[in-house]
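This report describes the fold, surface, pockets and backbone of one protein model. The sequence and structure are shown first.

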Amino acid sequence: MCRCGAAVAVATTTTTTGAAVRTGTHRTRDRRRDRRARRTTTTTTTMKASTDGGAREDTSGRRRARVAVIGAGAAGLAAIRACEVEGHTVVAFELANDVGGTWRYESEVEDDEGEGASAAPDDGRRAKVHGSMYASLRTNLPRELMGFGEFPFHESHGVDERRFCGHEEVQRYLQAYAETFGLRERVTFNAKVTSVERVVREDAEAERAWSSQWAVTSSIDGGAARREVFDAVIVANGHYSEPRVPRFKGALTWPGRQVHSHNYRTPDGFEGKTVLLIGAMASGEDISREIASVADRVLLSARTWQNPEWATSVEGVGAQGNIYRKPNVASFSPDGSVEFEDGSVEHRVDICMYCTGYRYEFPFLSRDVGVAVVDNFVAPLYEHCVAVDAPSLSFIGLPWKVVPFPMFEIQSRWIARMLSGAVPMPSREDMVTFAAQLESTLEPHGGVPRRHAHCFGDKQWEYNARIASMSDGPGLESWREQMYIATGKNKRANPETYRDAHMSDAEALAAALDEFTKVATR
Ligand code: FAD
């Protein structure tokens with residue numbers, strides 16, 4: 001842990017949240033965007049030095065902090081936007097040469113031949129690919145539900161007008177979001193954050209009031225390391241990049257090919273094969289259908305199913321009727337066969353694909369940060385977001401089984417407003433109590449597996465409302481929950497066709513469009 005003296009701050013500045021750039025085909029939309037971007041642009045504010053180091057205070061007593069954001073995917077962009085609105089100075093670091101994160105499709109894959117190869121620890125030498133999108137991916141949520149509140153996602157940003165659109169459309173939407181609010185200017189691209197160290201302030205009062213500072217080391221294009229000190233760090237590095245591969249008996253000596261869905265792009269190479277997919281959440285269900293269009297047989301094995309009735313189905317499903325649902329794998333054998341927990345054996349399986357999810361990884365966080373990942377549980381954090389030991393460190397987007405973008409927006413607003421002093425930082429007592437209560441629900445004390453600690457599902461709505469209220473900001477309109485429920489029902493009823501099937505959400509959709517009109521004219 002480093003200690004450093006407070007830096008002296010500046011006097012007068014002009015904050016700019018960036019100019020709008022024309023992006024699409026819709027002129028009206030562009031004009032609205034221009035208006036919205038201008039609303040938070042070029043406010044001249046008198047600043048005075050604050051007692052807490054690099055941060056400054058404006059005439060209203062609001063603190064303007066220097067904030068580092070790690071990642072410029074949807075979460076990082078929301079964080080940049082919220083910090084800019086609150087008047088902070090933001091420096092975002094992004095590994096790639098564009099915004100979008102997961103939605104920036106990469107055809108490259110990692111080498112994951114052999115069980116667990118891509119689950120090996122990141123020693124910095126393995127060639128890594130961030131993205132896990134496959135070429136044909138369409139969203140599993142309708143676009144209206146997916147989009148940010150401040151920047152509705154209903155008109156097309158290209159040629160894809162489908163409600164459940166292709167990944168390219170989401171990437172264009174995120175690019176438009178970044179351009180509209182001038183977020184790109186805050187991002188250093190091709191910049192990898194390699195270390196984040198805690199810097200405890202010498203001024204004990206400032207340390208108590210505003211928490212620690214952070215030394216962030218980064219490198220552009222693998223070049224020389226650069227170390228800068230920030231008042232706060234927002235981690236938004238995503239959690240769909242590091243494959244999680246459960247250990248099954250016999251997997252190491254099984255002769256078939258083993259891959260993780262992180263490295264799936266197209267069904268090429270699966271022609272005529274018998275393919276076992278383990279895990280039947282969104283990716284397992286979707287990829288099994290695509291592979292079944294060329295494979296001989298597909299076995300989809302899972303412990304839990306999106307629709308409980310699927311657990312007992314024995315008929316072949318899918319367009320070709322060649323997908324067979326199976327229980328969990330019991331063991332792999334050196335003769336190439338696979339045994340399932342119901343005792344059934346499949347004698348010839350060519351390829352096993354793990355659709356078993358991902359691990360949270362923060363290879364840049366130094367030990368003194370006080371946050372660790374144990375069995376995919378990031379702790380101790382207040383509200384799955386703020387580091388209990390030093391609340392100027394926060395994480396956007398850890399919860400899963402959620403509607404991510406609006407949640408990113410709500411979390412980001414809360415963090416940005418806490419950093420400015422617009423809303424109070426949680427007391428240490430509240431944070432410790434929250435962390436202890438969450439811990440008590442997890443195995444071995446409670447019944448929730450530790451790796452499910454950040455799994456939200458239905459409780460996301462209550463969480464969003466709580467965080468929004470702590471930020472003194474608006475929560476989500478009820479149509480989002482209604483549309484989410486309608487989508488889930490549709491998916492369970494029509495697993496093959498739900499993206500194009502009629503959805504009974506007319507009321508929610510009308511409320512959504514009503515809200516979007518209000519946002520556009522605001
Ligand atoms: P990411 O998009 O992963 O962005 C993280 C960024 O951080 C990346 O750009 C990365 O390059 C950067 N980064 C990482 N480490 C560093 C470092 N050390 N230094 C600098 N930069 C770094 N969500 C939906 O709402 N609807 C869907 O239909 C949907 N489908 C999905 C399908 C798949 C296959 C996957 C994997 C996810 C899907 N999601 C979907 C969830 C999706 O992950 C979220 O929508 C969202 O994009 C996550 O954003 P993020 O910013 O948290 O992470």
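Which helix gives the most to the lining of the second largest pocket? The contributor is α7, with six residues. The model discussed here is predicted.

## The second largest pocket

The second largest pocket encloses about 730 Å³ of space. Its lining comprises 30 residues, and those closest to the centre are G149, E150, R413, P474 and R522. Two or more lining residues come from each of α1 (27-39), α2 (74-85), α7 (404-420), α10 (478-493) and α11 (506-521).

## Overall composition

The protein chain contains eleven helices and 25 strands. It has 522 residues, of which 55% count as buried. Among contacts in the protein chain with a separation of 6 or more, 68% are between residues 24 or more positions apart.

The exposed area of the protein chain is about 22,400 Å². Carbon and sulfur atoms supply 51% of that area.

## Helix α6 and the largest cavity

Helix α6 spans residues 282-292 and is mostly covered, as nine of its eleven residues are buried. The buried residues are G284, E285, D286, I287, S288, R289, E290, I291 and A292. Their cover includes four strands: β14 (274-278), β15 (297-301), β16 (323-326) and β20 (351-354).

Helix α6 also borders an enclosed space. The whole structure holds two cavities of 30 Å³ or more, and the largest cavity has a volume of about 90 Å³. Its lining consists of N140, A282, E285, D286, R289, Q306, W310, K491, P495, Y498 and R499. With four residues, α6 provides the largest share of this lining. Of the residues named here, E285, D286 and R289 belong both to the buried set of α6 and to the lining of the largest cavity.

## Strand pairing

Strand β10 (residues 213-220) pairs with strand β11 (residues 225-230) in the antiparallel sense, over six bridges. Within this pairing, T217 has R227 of β11 as its bridge partner. The hairpin has four residues between the strands, and D221 adopts a positive phi near 50° there.

A further group of strands forms an open sheet of three, in the order β17-β18-β19 and with antiparallel pairing. The edge strands, each of which pairs on one side only, are β17 (329-332) and β19 (345-346). Strand β18 (residues 338-340) is joined to β17 by three bridges, and V329 stands opposite F340 of β18.

## Cysteines

How many disulfides does the structure hold? The number is zero. C352 is in no disulfide, and the nearest cysteine sulfur, that of C355, lies 8.7 Å away. A disulfide requires the two cysteine sulfur atoms to be within 2.5 Å, so the distance of 8.7 Å from C352 to C355 does not qualify.

Is C352 buried or exposed? C352 counts as buried because its relative accessibility is 0%, which is under the 20% cut-off. C83 is likewise buried, with a relative accessible area of 0%.

## Backbone exceptions

Most residues other than glycine have a negative phi, and most peptide bonds are trans. Several sites in this model depart from those patterns, and two of them are cis peptide bonds preceding proline. The bond from A379 to P380 is cis, with omega near -5°, and P380 sits in the loop between β22 (377-379) and β23 (381-382). The bond joining E443 and P444 is also cis, with omega of about 5°; P444 is found in the loop between α8 (428-441) and α9 (460-470).

Positive phi values occur at N376 and E383. For N376, phi is near 65°, and the residue lies in the loop between β21 (372-374) and β22. For E383, phi is near 50°, and the residue lies in the loop between β23 and β24 (386-387).

Why do both loop residues count as buried? The cut-off is under 20% relative accessible area. N376 is buried because its relative accessibility is 12%, and E383 is buried because its relative accessible area is 3%.

Key
Residues are numbered from 1 along each chain as its sequence is written. This is a predicted model: local features need pLDDT of at least 70, side-chain atom pairs count only at pLDDT 80 or more; totals for chains, interfaces and linings use all residues. Side-chain values use heavy atoms; hydrogens and water are left out. Buried means under 20% relative accessible area, exposed over 50%, partly exposed in between (1.4 Å probe, protein chains only). Two strands pair if DSSP finds at least two bridges between them. Contact means heavy atoms within 4.5 Å. Accessible areas come from the Shrake-Rupley method with a 1.4 Å probe; for residues, only the protein chains shown count as cover. On a 1 Å grid over the protein atoms alone, a cavity is a set of points where a 1.4 Å probe fits but cannot get out, and a pocket is an open set with protein on both sides within 12 Å along at least five of seven lines; lining residues have an atom within 4 Å of a point. Grid points are joined across faces, edges and corners, and a volume is the space filled by probe spheres set on the points.
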